[in-house]
Amino acid sequence: MSAPAHPTYKVMITKAIADLKNRTGSSRQAIKKYILANYNVGDEARFGKIFNTQLRRLVANGVLVQPKGPAGSVKISPEEKVKLAAAAKKAAQKAAPKKKAPAKKKKAAPKKKKAPAKKKAPAKKKAPAKKKAPAKRKPRK
């Protein structure tokens, strides 16, 4: 069996709740809609069963909290928020040195200068044929 084309349900659910940014928590329907829109989870009926099971499991493990009871909205627990913030800081610190490393450029080896191309002598233009001077008029008397 090959690996699924999506992250774990814990990651998908916590990301959905964080991205929806509801102060009182996100509803099951909103979380499902977000996951279906952003991840390739396959069959929706099968996804619904697994989603509900994983949601219950995450609440039981303390990763998520349901402040209004089992049928209400779902929030990320304060302990999990601290863990996610710490993980985000570590990821940012690891990413920062990686960005700096490519910025340092090694001095390029001095390039040999090519001999300047010899300019061809401009082609001599033939002098335009001189026009005959107009005949002088004789003064009138």
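In helix H2, the buried residues (under 20% relative accessible area with a 1.4 Å probe, protein chains only) are Ile-31, Tyr-34 and Ile-35. Because they cover an arc of only 95 degrees around the axis, taken from the directions from the helix axis to the C-beta atoms, they lie on the same side of H2. This is a predicted model, in which local features need pLDDT of at least 70 and side-chain atom pairs count only at pLDDT 80 or more, while totals for chains, interfaces and linings use all residues. Residues are numbered from 1 along each chain as its sequence is written, and side-chain values use heavy atoms, with hydrogens and water left out.

**Confidence**
- The protein chain averages a pLDDT (the predictor's confidence in each residue, from 0 to 100) of 75, and 70% of the residues score at least 70.
- Confidence is highest in H2 (residues 28-38), at a mean of 87, and lowest in helix H4 (residues 78-103), at 69; helices (H or I, at least four residues) and strands (E, at least two) are DSSP runs, numbered from the N terminus.

**Surroundings of H2**
- Gln-29, Lys-33 and Ala-37 are exposed (over 50% relative accessible area) on the face of H2 turned away from its buried side.
- The cover over the buried residues of H2 includes helix H1 (9-20) and helix H3 (44-60), contact meaning heavy atoms within 4.5 Å.

**Helix H3**
- The buried residues of H3 are Phe-47, Gly-48, Phe-51, Gln-54, Leu-55 and Leu-58.
- Because these cover an arc of only 140 degrees around the axis, they sit on the same side of H3.
- They pack against H1, H2 and strand E1 (64-65).
- On the other side of H3, the exposed residues are Ala-45, Arg-46, Lys-49, Arg-56 and Ala-60.
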